[in-house]
Amino acid sequence: DCALLEKKRGNEAASVELFTELIGTPNPHRAGAFEELAKYYEHIEKNYLLALDLTEQALSFAPCEPLQRRRQRLEKKAISRRLL
């Protein structure tokens, strides 16, 4: 909740730090934290390879169609930019 609140406030550094803490320990919010970090790295940092890696890790915890679509989109972006 704190990480999402910081994200809403526009405090990206704090939200990334909190989401990073969440992915480091087993908890029920781990997949969501991976997904939020993937969104950050895709949209803010434009680091498509890291976003793709984070998305794949999210999928390993919570396989679902929206994450699969995100992975496909990131793969296309990485290929079009010759990163893969």
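**Exercise 1. A network of charges**

Task: In this predicted model, which residues are linked with E42 in a network of salt bridges?

Solution: Let's take it one step at a time.
- Step 1. The network joins E42, R70, R73 and K77 through salt bridges.
- Step 2. Now pick out one pair: the side chains of R73 and E42 meet at 3.1 Å, N to O. A salt bridge needs a Lys or Arg side-chain nitrogen within 4 Å of a carboxyl oxygen of Asp or Glu, so this pair fits.
- Step 3. Find the two partners in the fold. R73 is part of helix 5 (residues 65-80) and E42 is part of helix 3, so their bridge ties together parts that are 31 residues apart in sequence.
- Step 4. Check how open each partner is. E42 has a relative accessible area of 1% and is buried, while R73, at 34%, counts as partly exposed.
- Step 5. For the wider picture, a search of the whole structure gives 7 salt bridges.

**Exercise 2. Bridges inside one helix**

Task: How many residues apart are R69 and E65 in helix 5? Then describe the pair E36 and K39 in the same way.

Solution: Start with helix 5.
- Step 1. R69 and E65 are 4 residues apart, about one turn of the helix.
- Step 2. Their side chains form a salt bridge at 3.9 Å, N to O.
- Step 3. R69 has a relative accessible area of 44%, which makes it partly exposed. E65 is also partly exposed, at 45%.
- Step 4. Now turn to helix 3 (residues 30-43), where E36 and K39 are 3 residues apart and so separated by about one helical turn.
- Step 5. The side chains of E36 and K39 form a salt bridge too, at 3.3 Å, N to O.

**Exercise 3. A closer look at E36**

Task: Is E36 buried or exposed, and which residues does E36 touch, leaving out those up to four places away in sequence?

Solution: Begin with the location.
- Step 1. E36 sits in helix 3.
- Step 2. The relative accessible area of E36 is 13%; buried means under 20%, so E36 is buried.
- Step 3. Its bridge partner K39 has 23% relative accessibility and therefore counts as partly exposed.
- Step 4. Beyond its sequence neighbours, E36 touches L4, K7 and F19.

**Exercise 4. The whole fold**

Task: What pattern does the protein follow along its sequence, and what is its radius of gyration?

Solution: Step back and view the whole chain.
- Step 1. Count the elements: the protein has 5 helices and 0 strands.
- Step 2. Read in sequence order, they give α-α-α-α-α.
- Step 3. A compact globule of 84 residues would have a radius of gyration near 12 Å, and the protein's 13 Å agrees with that.
- Step 4. The C-alpha trace spans about 35 × 25 × 20 Å along its principal axes.
- Step 5. Of the 84 residues, 33% are buried.
- Step 6. Consider contacts with a separation of 6 or more: 38% of them come from residues 24 or more positions apart.

**Exercise 5. Surface and charge**

Task: How far apart are the mean positions of the positive and negative charges, and what share of the accessible surface belongs to carbon and sulfur atoms?

Solution: Two short steps will do.
- Step 1. The protein has 14 positive and 13 negative charges, and their mean positions lie 8 Å apart.
- Step 2. The accessible surface is about 5400 Å², with 52% belonging to carbon and sulfur atoms.

Note on methods. Residues are numbered from 1 along each chain as its sequence is written. This is a predicted model: local features need pLDDT of at least 70, side-chain atom pairs count only at pLDDT 80 or more; totals for chains, interfaces and linings use all residues. Side-chain values use heavy atoms; hydrogens and water are left out. Helices (H or I, at least four residues) and strands (E, at least two) are DSSP runs, numbered from the N terminus. The radius of gyration is taken over C-alpha atoms; the globule rule is 2.2 Å times the number of residues to the power 0.38. Buried means under 20% relative accessible area, exposed over 50%, partly exposed in between (1.4 Å probe, protein chains only). Contact means heavy atoms within 4.5 Å. Accessible areas come from the Shrake-Rupley method with a 1.4 Å probe; for residues, only the protein chains shown count as cover. Lys and Arg count as positive and Asp and Glu as negative; His and the chain ends are not counted. The place of a charge is taken as NZ of Lys, CZ of Arg, CG of Asp or CD of Glu.
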